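Here are my notes on the model you sent. They are numbered so that you can reply point by point.

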Amino acid sequence: MKRIHQILAFSLALFSGSCSGQVQSRTYDAMLKTLLGHTVPELGVAKVAPKASDFVWLDAREPKEYQVSHIKGAQLVGYDHFDIEALPEGLSKDQPIVVYCSVGYRSEKVAEKLRAAGFTRVSNLYGGIFEWVNQGHPVYKGEQKTAKVHAYDKKWGVWLKKGEKVY
């Protein structure tokens with residue numbers, strides 16, 4: 001019985017270590033660990049931001065959110081009406097792709113669909129655009145930098161600590 005407890009403790013430590021440290025707030029991290037299914041590879045902002053241009057960025061939020069701001073170069077694919085057949089032309093199944101949304105839930109679901117369709121290098125941005133902005137990275141409205149970020153609603157907006165919240 002003691003051995004089982006040790007194995008469980010070790011497994012829990014491994015699991016929590018795989019995602020922790022990728023967001024700055026411990027409470028945000030705890031919420032994300034519960035919210036997300038961790039069914040696709042996750043990339044933290046600190047790891048992906050320095051080489052952002054190496055990835056295809058797909059925004060899994062809705063058009064009204066994307067229109068407020070988005071990560072530079074991101075292409076809107078949406079969530080409610082996501083259509084694998086409507087992906088950007090020329091997108092290869094072996095390109096490195098990062099999908100994001102506000103916090104990571106919707107993007108995880110879109111990433112699952114992409115992986116099921118044969119896309120092999122798809123990751124979810126852990127903490128989403130909120131963590132991107134929280135860590136001081138820019139967002140854009142068109143080609144112009146902006147401080148505005150669609151905060152989804154007041155409940156979810158608590159996780160956006162920087163930027164100007166738009167609802």
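1. A salt bridge here is a side-chain nitrogen of Lys or Arg within 4 Å of a carboxyl oxygen of Asp or Glu. Arginine 61 and aspartate 59 meet this rule, with their closest N and O atoms 2.8 Å apart. Please keep in mind that the model is predicted. By the same rule the count comes to four salt bridges, and three of them are taken up in these notes, starting with this one.

2. Are the two partners of this salt bridge, arginine 61 and aspartate 59, buried or exposed? Arginine 61 is buried, at a relative accessible area of 0%. Aspartate 59 is buried as well, and its relative accessible area is also 0%.

3. Aspartate 59 belongs to strand 2, which covers residues 56-59. From this strand Val56 and Leu58 point one way, while Trp57 and Asp59 point the other way. Both sets are buried.

4. Strand 2 is part of an open sheet of five strands. The order of the strands is 1-5-4-2-3, and the pairing is parallel. Which strands stand at the edges? They are strand 1 (42-43) and strand 3 (75-76); each has a single partner strand, so one side of each is left without a neighbour in the sheet. As background, strands of a sheet pair through backbone hydrogen bonds, either parallel or antiparallel.

5. Strand 2 has a partner on each side in this order. With strand 3 the pairing is parallel and runs over two bridges. Here aspartate 59 stands opposite leucine 76, and leucine 58 stands opposite glutamine 75. With strand 4 (residues 97-100) the pairing is again parallel, over four bridges, and leucine 58 stands opposite valine 99. The route from strand 2 to strand 3 goes by way of helix 4 (residues 63-68), and the three elements make a right-handed β-α-β unit.

6. Valine 99 deserves a point to itself. It lies in strand 4 and is buried, with a relative accessible area of 0%. Its C-alpha atom is separated by 5.9 Å from that of aspartate 59, although the two residues are 40 apart along the chain. Leaving aside neighbours within four places in sequence, valine 99 is in contact with Leu58 and Ala60, with Ser107, Val110, Ala111 and Leu114, and with Val122, Ser123, Asn124 and Leu125.

7. Helix 5 (residues 105-116) has 12 residues and reaches 17 Å from its first C-alpha to its last. That is close to the 16 Å expected at 1.5 Å a residue. Its buried residues are Arg106, Ser107, Glu108, Val110, Ala111 and Leu114. What do these buried residues pack against? Their partners are strand 1, strand 2, helix 4, strand 4 and strand 5 (122-125). Helix 5 is followed by glycine 118, which has a positive phi, near 100°.

8. Helix 5 also holds a salt bridge, between glutamate 112 and lysine 109, with the closest N and O atoms 3.6 Å apart. The two residues are three apart in helix 5, and thus separated by about one helical turn. An α-helix has 3.6 residues a turn, so residues three or four places apart point the same way. Glutamate 112 counts as partly exposed, at 26% relative accessibility, and lysine 109 is partly exposed at 22%.

9. Helix 2 (residues 26-35) has Tyr28, Asp29, Met31 and Leu32 buried. Why do these residues lie on the same side of helix 2? They cover an arc of only 160° around the axis, which puts them on one side. On the other side of helix 2, Arg26, Thr27 and Thr34 are exposed.

10. One of the buried residues of helix 2, Asp29, is in a salt bridge with lysine 33, at 3.3 Å from N to O. Aspartate 29 and lysine 33 are four residues apart in helix 2, about one helical turn. Aspartate 29 has a relative accessible area of 7% and is buried, whereas lysine 33, at 23%, counts as partly exposed. The cut-off matters for reading these two values: buried means under 20% relative accessible area.

Methods
Residues numbered from 1 in each chain as written. Predicted model: local features only at pLDDT ≥ 70, side-chain atom pairs only at ≥ 80, totals over all residues. Heavy atoms only, no water. Buried < 20%, exposed > 50% of the residue type's maximum accessible area, 1.4 Å probe, protein only. Arc of directions from axis to C-beta. Pairing = 2+ DSSP bridges. Right-handed = clockwise from strand over helix to strand, strands pointing away. Expected span 1.5 Å × (residues − 1). Contact = heavy atoms within 4.5 Å.
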